[in-house]
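Hi,

Here is the structure I promised to pass on. Have a look at it first, and my notes follow underneath.

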Amino acid sequence: CYFDLMFDGGSERVSRLKKLLPRPVFVNSVVETTGQLNASFIRINAWPTMLRRKIAEVAFHRASDRATAEKFFSEAKWKLQEVPDIAGMITPRIVSMIINEAYFAVGENVSTRDEVDIAMKLGTNYPFGPFEWLSRIGKDRVIRLLKTLSFSDNRYQIAPILIKETEE
């Protein structure tokens, strides 16, 4: 099997990876679905910090890919969690939304970034606060996911202060 953890979704990259099929091809594609990629890749949530978890979020185009993925993850002693083949999977959607809401709170002078990070770590037992997570994951990834999700659901509208920061 092949892993592309630096996957960018570009057409040239997709074309090259398609040549490896029918062998299993795992791609770090949190935003694009296998349908959008038009390829039978196995999507994995490999955003920074996400591979440290005891469970891997994986989405399949074909049901037959599940057995292949389960075999690999079992041999690696890593738990697999199948998630829907949708933009954002599960954890990136939640973390991106938490980051976005933290920006709304700071933008409305509800709290400071440090206070929000401390409150989230203590209150939810998350490993990082929203701003710490953003610095590890990268603004570009979070904003790209929020933009994609906001096309179909206005709950994902990006906080004005986050937009402003990316323009600076």
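How do helix 4 and helix 5 lie to each other: parallel, antiparallel, perpendicular or oblique? One thing to keep in mind as you read is that this is a predicted model.

Helix 4 covers residues 91-107 and helix 5 covers residues 113-124; they pack with their axes 10 Å apart, at an angle of about 135°. That angle falls outside the 65 to 115 degrees that count as roughly perpendicular and is not over 145, the cut-off for roughly antiparallel, so the two helices are oblique to each other. Their crossing is right-handed. On the helix 4 side, the contact uses Ile98, Ala102, Tyr103 and Val106, while helix 5 brings Arg113, Val116 and Met120. Sorted by class, that makes six nonpolar residues, one charged and no polar ones.

Helix 4 also packs with helix 8, which spans residues 160-167; here the axes come within 7 Å and cross at roughly 95°. This pair is therefore roughly perpendicular. From helix 4, Asn100, Tyr103, Phe104, Val106 and Gly107 take part, and they meet Pro160, Ile161, Leu162 and Glu165 of helix 8. The class count for this contact is six nonpolar, two polar and one charged. Tyr103 and Val106 turn up in the helix 5 contact and again in the helix 8 contact.

Now for the inside. In soluble globular proteins, nonpolar side chains tend to be buried together. The largest nonpolar core in this model has 26 residues, and the ones touching the most other members are Trp47, Ile99, Tyr103, Trp133, Ile137, Val142 and Leu162. Helix 4, helix 6 (130-137) and helix 7 (139-150) each contribute at least two residues to this core, with helix 4 giving the largest share, six residues. Val142 is a good place to start clicking: setting aside neighbours within four places in sequence, Val142 is in contact with Trp47, Ser96, Ile99, Leu134 and Ile137. There is also a second, separate core of ten residues, with Phe26, Ala56, Ala69 and Phe73 among them.

Last stop is Thr34, in helix 2 (residues 34-37). Is Thr34 buried or exposed? Its relative accessibility is 0%, so Thr34 counts as buried. Not counting residues up to four places away in sequence, Thr34 touches Ala39, Phe41, Arg43, Phe60, His61 and Asp85.

Cheers

Notes:
Residues numbered from 1 in each chain as written. Predicted model: local features only at pLDDT ≥ 70, side-chain atom pairs only at ≥ 80, totals over all residues. Heavy atoms only, no water. Axes fitted to C-alpha atoms, helices over the stretch in contact; angles between N-to-C directions. Helix = DSSP H or I, 4+ residues; strand = E, 2+ residues; numbered from the N terminus. Parallel < 35°, antiparallel > 145°, perpendicular 65-115°, else oblique. Left-handed = near helix turned anticlockwise from the far one by under 90°. Contact = heavy atoms within 4.5 Å. Nonpolar A, V, L, I, M, F, W, Y, C, P; charged D, E, K, R; others polar. Core = buried A, V, L, I, M, F, W, Y, C linked by side-chain atoms within 4.5 Å. Buried < 20%, exposed > 50% of the residue type's maximum accessible area, 1.4 Å probe, protein only.
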